[in-house]
Amino acid sequence: MGRAFLAVVARDLRLAGRIGGSGALSLVFFLMIVALVPFGLGPDLNLLARIGPGILWIAAVLATLIGLDRLFQADEEDGSLDLLTGAPAPLEVLVLAKVTAHWLTTGLPLALATPLFGLLVALSPTGMAATSLTLLVGTPALTFIGAVGAALTASIRRGGLILAVVVLPLMVPTLIFGVSAADAALAGTVPFATPLAILGALSLVAGVVGTLAAAAALRWGE
């Protein structure tokens with residue numbers, strides 16, 4: 001199972017690097033949102049610094065949705081999904097591998113780019129580091145939640161809008177605790193570790209439930 005997991009991760013990473021995946025598009029979309037918000041709010045640096053973590057987290061949630069509809073749909077179209085569902089390895093392991101590869105090309109770059117993009121919303125170094133850490137811990141939850149919607153809409157052409165409607169409400173708790181953790185690091189009203197631990201727990205639960213639910217949805221779709 002470990003060999004099958006690594007093989008699928010390596011395959012998806014090669015495909016993303018060869019043809020260009022959703023990672024670059026997600027980063028561009030993330031940058032566009034973060035860059036446009038200050039124009040709408042005005043040049044108040046204190047306001048931007050106060051709501052900066054929220055802006056970055058909302059941008060990350062929306063950027064995560066970019067390309068999620070193709071997570072399983074591309075395999076459905078070229079027949080690879082039939083091979084995955086019929087493989088000796090458990091489908092849950094293969095789904096976990098595909099979602100991991102997707103996070104490595106989308107969620108991880110978003111978290112790593114946050115300190116740079118934090119300059120656009122006047123975040124302090126502490127705020128940049130805290131927000132980057134919360135995104136590093138929380139974006140796996142967003143990806144696994146999105147994977148369930150991607151599995152449900154794998155056989156639907158242009159299912160991106162349906163996917164967004166299905167998964168966005170489920171991403172709200174992750175968004176709340178992600179912003180709360182970043183705000184705790186800035187304001188110090190509650191210990192930073194408390195909401196960060198809850199955020200990590202959400203990612204772990206989403207990893208288990210999302211993998212099982214996505215695999216079940218793929219089997220049901222067949």
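Among contacts in the protein chain between residues at least 6 apart in sequence, what share joins residues at least 24 apart? In this predicted model, the share comes to 81%. That is a handy starting point for looking at how the chain is put together.

The inventory of elements is quickly told. The protein chain has ten helices and zero strands, so reading from the N terminus simply gives α-α-α-α-α-α-α-α-α-α. As for overall dimensions, the C-alpha atoms fit a box of roughly 55 × 35 × 30 Å along the principal axes. The radius of gyration is 18 Å, and this agrees with a compact globule, because a globule of 222 residues would have a value near 17 Å. Of those 222 residues, 45% are buried.

What sits on the inside? The largest nonpolar core contains 53 residues, and Phe30, Phe72, Val95 and Leu218 are the ones with the most contacts inside it. The biggest share of this core comes from helix H8 (residues 125-152), which supplies nine residues. Val95 gives a good idea of how distant parts of the sequence meet: leaving aside residues up to four places away in sequence, Val95 touches Phe72, Thr211, Ala214, Ala215 and Leu218. Two of these partners, Phe72 and Leu218, are themselves on the list of residues with the most contacts inside the core.

Val95 also turns up where two helices pack. In general, such a pair is described by the angle between the two axes and by the distance between them. For helix H4 (residues 70-78) and helix H6 (residues 91-105), the axes come within 11 Å and cross at roughly 120°. H4 and H6 are therefore oblique to each other. On the H4 side, the contact is made by Leu71, Phe72 and Asp75, while H6 brings in Val95, Lys98, Val99 and His102. Sorted by character, the residues of this contact comprise four nonpolar, one polar and two charged.

Back in helix H8, one residue deserves a look of its own: Thr143. Is this threonine buried or exposed? Thr143 has a relative accessibility of 1%, so it counts as buried, the cut-off being under 20%. Its neighbours, again without residues up to four places away in sequence, are Thr64, Leu68, Val99, His102 and Trp103. Two of those names are familiar by now, since Val99 and His102 belong to the H6 side of the contact with H4.

How values were computed:
Residues are numbered from 1 along each chain as its sequence is written. This is a predicted model: local features need pLDDT of at least 70, side-chain atom pairs count only at pLDDT 80 or more; totals for chains, interfaces and linings use all residues. Side-chain values use heavy atoms; hydrogens and water are left out. A nonpolar core is a set of buried Ala, Val, Leu, Ile, Met, Phe, Trp, Tyr and Cys residues joined through side-chain atoms within 4.5 Å. Buried means under 20% relative accessible area, exposed over 50%, partly exposed in between (1.4 Å probe, protein chains only). Helices (H or I, at least four residues) and strands (E, at least two) are DSSP runs, numbered from the N terminus. Contact means heavy atoms within 4.5 Å. Axes are lines fitted to C-alpha atoms, for helices over the stretch in contact, and angles run from 0 to 180 degrees between N-to-C directions. Angles under 35 degrees count as roughly parallel, over 145 as roughly antiparallel, 65 to 115 as roughly perpendicular and the rest as oblique. Ala, Val, Leu, Ile, Met, Phe, Trp, Tyr, Cys and Pro count as nonpolar, Asp, Glu, Lys and Arg as charged, and the others, Gly among them, as polar. The radius of gyration is taken over C-alpha atoms; the globule rule is 2.2 Å times the number of residues to the power 0.38.
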